[in-house]
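Here is a short tour of one protein chain for anyone meeting it fresh. Have a look at the structure, then read on.

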Amino acid sequence: MAETMRAAVYERYGPARDVLRVTEIERPEPGPGDVRVRLRVSAVNPTDWRVRSGSQAGGDPPFPYLVPNQDGAGEIDAVGDGVDPGRVGTRAWVWFAAHGRQHGSAAQWVCLPERQAVPLPEAASLDLGASLGIPALTAHHCLFRDGGLDGGTVLVAGGAGAVGHFAIELARRAGARVIATVSSDEKGDLARAAGAHTIVNYRGEDAADAIRAAAPEGVDRIVEVAPAANAALDAEVIAPNGVVAIYAADGELTTPVRPLMVRNVALRFVLVYNIAAEWLARAVDEVSAAAAAGDLSELPAHRFPLDDIAGAHEAVEGGAVGKVLVDIP
Ligand SMILES: NC(=O)c1ccc[n+]([C@@H]2O[C@H](COP(=O)([O-])OP(=O)(O)OC[C@H]3O[C@@H](n4cnc5c(N)ncnc54)[C@H](OP(=O)(O)O)[C@@H]3O)[C@@H](O)[C@H]2O)c1
């Protein structure tokens, strides 16, 4: 009889508590080119609850059931044909586990193409490893797709968010000066701890003045989580030849054209799932190097047992500050 494992599953899209359950399913076996990871921590991102809710797909799920969650960390315990057996017993962080696939990271094991299970540097905890995938790869692409940053200035909108957190740390590592916007002192403390040089409350009346005081020539990159809400602010503070990298959708973007055109500003839209392969590989390598160097840190964790997978999804849906992690038994 096949071995089984504990996993969170859902058979239809809908609210977390209505559709998610934890059960025994068959343990997967690695195919050619795959590794199998014994997961210890699974992380929840906004994409995980959005997919589960059905707001992104509609209709029925593409498999009889789905295991949620893209990101996680654990140890490789088996490899398929063509994979170095030396990887067995090593720690790994996984990315895109559930993307176009049946089995995500909210389970005891997952099988993935070996490049999607990246060696976890000794300096990095399993919690950090599980937190990297979607947020750090997104942050990397937003920051570096349009060139290096050394000596430049970066504005990270929402510096206490998961993407914002790694954007601050990766920008600092690249030698940039970092300004982060937040909406509270608590979030300001998080952004400062990540390394932001200047914290600005974006709800304050003088947000643009405060940013311009810190960057009189303007900011070279904006890593933007709220493009519609911040369009006027971004247009005020972006430097000539600057890039606004937009990674979240908050409605219709209406922006003043002339000030952006005069400054030769570029708007770059980023969806992490559709990053070109060469850039994704670069992001994976550089995020790993940053973790190995100790340049990336954990956000405050909100922990849930696998049995409370619904609570974990609800926490992210409710805007938890920090990182929602699921402990895998
Ligand atoms: N395109 C992609 O590939 C991609 C990848 C990852 C994430 N995302 C999306 O990006 C969003 C953030 O993801 P996350 O994991 O970083 O979520 P998160 O940890 O919840 O962070 C979201 C942050 O955005 C901040 N924020 C909201 N409105 C803001 C505004 N007007 N100005 C500045 N900051 C603002 C929030 O702070 P306040 O509450 O203080 O406003 C919060 O800190 C989600 O919608 C997610 O789906 C997209």
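## Helix H3

Let's start with a helix in this predicted model. Helix H3 covers residues 126-144, and at 1.5 Å a residue its 19 residues should span 27 Å; the C-alpha atoms at its two ends sit 26 Å apart, which agrees. Even so, H3 has a kink of about 60° at Leu-132, shortly before the proline Pro-135.

How much of H3 is buried? The count is 17 of its 19 residues, so the rest of the structure largely encloses this helix.

## Helix H4

Next up is helix H4, with 12 residues running from 162 to 173. From first C-alpha to last, H4 reaches 17 Å, close to the 16 Å expected at 1.5 Å a residue.

H4 is mostly covered too, with 10 of its 12 residues buried. Among those buried residues are Gly-164, His-165, Phe-166 and Glu-169. Just after H4 comes Gly-175, which takes a positive phi of about 90°.

## The six-stranded sheet

Now for a sheet. It is an open one built from 6 strands, and reading across you meet them in the order E10-E9-E8-E11-E12-E13, with parallel pairing. Strand E10 (198-201) and strand E13 (266-269) stand at the edges, and each has a single partner strand, so one side of each is left without a neighbour in the sheet. On average, neighbouring strands here are turned by 20° against each other, ignoring direction.

Strand E11 (residues 219-224) pairs with strand E12 (residues 238-246) in the parallel sense, over 5 bridges. One place to spot this is Val-219, whose bridge partner in E12 is Ile-238. Two helices also belong in this picture. Helix H5 (residues 185-194) packs on the sheet, where it touches strand E9 (177-182) and E10, and its direction makes about 160° with that of E9. Helix H6 (residues 207-214) lies across strand E8 (153-157), E9, E10 and E11, and runs at about 165° to E10.

## A closer look at E8

Is E8 mostly covered or mostly exposed? It is mostly covered, with 5 of its 5 residues buried. Thr-153, Leu-155 and Ala-157 point one way from the strand, while Val-154 and Val-156 point the other way, and all are buried.

E8 pairs with E9 in the parallel sense, again over 5 bridges. If you want to find the pairing on screen, look for Thr-153, which stands opposite Arg-177 in E9.

## Around Glu-75

Elsewhere in the chain, Glu-75 is part of strand E4 (residues 71-79). Glu-75 has 18 C-beta neighbours inside 10 Å, so it counts as partly exposed.

Which residues does Glu-75 contact, leaving aside its neighbours within four places in sequence? They are Val-37, Arg-38, Gly-89, Thr-90 and Arg-91. Arg-38 is 37 residues away from Glu-75 along the chain, yet their C-alpha atoms are separated by 5.2 Å.

## The whole chain

Stepping back, the protein chain has 10 helices and 15 strands. Its radius of gyration is 20 Å, close to the 20 Å that the globule rule gives for 329 residues, so the chain is as compact as a globular protein of that length. Along its principal axes, the C-alpha trace spans about 70 × 40 × 35 Å.

Buried residues make up 47% of the 329 in the chain. As for contacts with a separation of 6 or more, 67% of them are between residues 24 or more positions apart.

Technical notes. Residues numbered from 1 in each chain as written. Predicted model: local features only at pLDDT ≥ 70, side-chain atom pairs only at ≥ 80, totals over all residues. Helix = DSSP H or I, 4+ residues; strand = E, 2+ residues; numbered from the N terminus. Expected span 1.5 Å × (residues − 1). Bend = angle between axes of the 7 residues up to and from the residue. Buried ≥ 20, exposed ≤ 12 C-beta atoms within 10 Å, placed from the backbone. Pairing = 2+ DSSP bridges. Axes fitted to C-alpha atoms, helices over the stretch in contact; angles between N-to-C directions. Contact = placed C-beta atoms within 7 Å. Rg over C-alpha atoms; globule rule 2.2 N^0.38 Å.
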